[in-house]
Amino acid sequence: MTENLINWNESYSVGNAEMDEQHKQLINIINKLFNSFKDGNAQSILDEILQEMIDYANFHLNSEEKLMFKYDYPEKEKHEEIHQSFRNKIEELNKMLNSGSKDAHYQLIEYLKNWWTNHILVEDKKYLPYLANK
Ligand SMILES: [Fe+2]
């Protein structure tokens, strides 16, 4: 049975349709990773979905940064730094996973869930007044 780790709902909306769509897509990939892990899929499949998540996260973070600069969001530099710390952390975790431990995969999924839900609900919400309906 497919069950979602994270369910997007209106409370996640940051008021910008493009960003909401990208957040939904990220959540889909994290759910896919979770389900694949739960179903005991092979390491190679988990690695493939993880790579998809990293690629999409980078695409999304870059798009969001472009919009923050375009609309001159006052906290854009601080927000960019938060994104950079995510990029660094995920690279570090990705290297750790090459050790092949299932436990490391589970920790990574938990980390992704917590990081993204908190980031969208707290940090991204702050740009809502600047990017809404743009
Ligand atoms: Fe963000």
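The following exercises, each with a worked solution, concern a predicted model.

**Exercise 1. The length and sides of H1**

Compare the end-to-end reach of helix H1 with the expected span, and determine where its buried residues lie around the axis.

*Solution.*
Step 1. Helix H1 runs over residues 17-38 and has 22 residues.
Step 2. At 1.5 Å a residue, 32 Å is expected; from its first C-alpha to its last, H1 reaches 31 Å, which is close to that figure.
Step 3. The buried residues of H1 are Met19, His23, Leu26, Ile27, Ile30, Leu33 and Phe34.
Step 4. These residues cover an arc of only 115° around the axis, and therefore they are on the same side of H1.
Step 5. The face turned away from this buried side carries the exposed residues Ala17, Glu21 and Lys24.
Step 6. Just after H1, Gly40 takes a positive phi of about 70°.

**Exercise 2. The span and cover of H2**

State whether the span of H2 agrees or disagrees with the expected value, and identify what covers its buried residues.

*Solution.*
Step 1. Helix H2 has 28 residues, so at 1.5 Å a residue it should span 40 Å.
Step 2. The end C-alpha atoms of H2 are 40 Å apart, which agrees with the expectation.
Step 3. In H2, the residues Leu50, Met53, Ala57, Leu61, Glu64 and Met68 are buried.
Step 4. The cover over these buried residues includes H1 and H3.

**Exercise 3. The pairing of H2 and H3**

Determine how H2 and H3 are oriented to each other, and describe their contact by residue class.

*Solution.*
Step 1. The axes of H2 (residues 43-70) and H3 (residues 76-97) come within 10 Å and cross at roughly 170°.
Step 2. An angle over 145 degrees counts as roughly antiparallel. H2 and H3 are therefore roughly antiparallel to each other.
Step 3. On the side of H2, the contact is made by Leu50, Ile54, Ala57, Asn58, Leu61, Glu65, Met68 and Phe69.
Step 4. On the side of H3, the contact is made by Lys76, His79, Glu80, His83, Arg87, Ile90 and Asn94.
Step 5. By class, this contact has seven nonpolar, four polar and four charged residues.

**Exercise 4. Positive phi outside glycine**

Locate Asp72 and Asn133, and decide whether each is buried or exposed.

*Solution.*
Step 1. Asp72 has a phi near 50°, a positive value in a residue other than glycine. Its place is in the loop between H2 and H3.
Step 2. A residue is exposed if 12 or fewer other C-beta atoms lie within 10 Å of its own. Asp72 has 8 such atoms within 10 Å, so Asp72 is exposed.
Step 3. Asn133 has a positive phi near 60° and is likewise a residue other than glycine. Asn133 is found in the segment after helix H5 (128-131).
Step 4. With 7 other C-beta atoms within 10 Å, Asn133 is exposed.

**Exercise 5. Two residues before H1**

Classify Val14 and Tyr12 by their C-beta neighbours, and list their contacts beyond four places in sequence.

*Solution.*
Step 1. Val14 is in the segment before H1, and Tyr12 has its place in the segment before H1.
Step 2. The cut-off for a buried residue is 20 or more other C-beta atoms within 10 Å. Val14 has 21, so Val14 is buried.
Step 3. Tyr12 has 18 C-beta neighbours inside 10 Å and therefore counts as partly exposed.
Step 4. Leaving aside neighbours within four places in sequence, Val14 is in contact with Met19, Asp20, Ile120, Asp124, Lys125, Tyr127 and Leu128.
Step 5. With such neighbours again left aside, Tyr12 is in contact with His23, Ile120 and Leu121.

Conventions. Residues are numbered from 1 along each chain as its sequence is written. This is a predicted model: local features need pLDDT of at least 70, side-chain atom pairs count only at pLDDT 80 or more; totals for chains, interfaces and linings use all residues. Axes are lines fitted to C-alpha atoms, for helices over the stretch in contact, and angles run from 0 to 180 degrees between N-to-C directions. Helices (H or I, at least four residues) and strands (E, at least two) are DSSP runs, numbered from the N terminus. Angles under 35 degrees count as roughly parallel, over 145 as roughly antiparallel, 65 to 115 as roughly perpendicular and the rest as oblique. Two residues are in contact if their C-beta atoms, placed from the backbone, lie within 7 Å. Ala, Val, Leu, Ile, Met, Phe, Trp, Tyr, Cys and Pro count as nonpolar, Asp, Glu, Lys and Arg as charged, and the others, Gly among them, as polar. The expected span of a helix is 1.5 Å times one less than its number of residues. The arc is that of the directions from the helix axis to the C-beta atoms.
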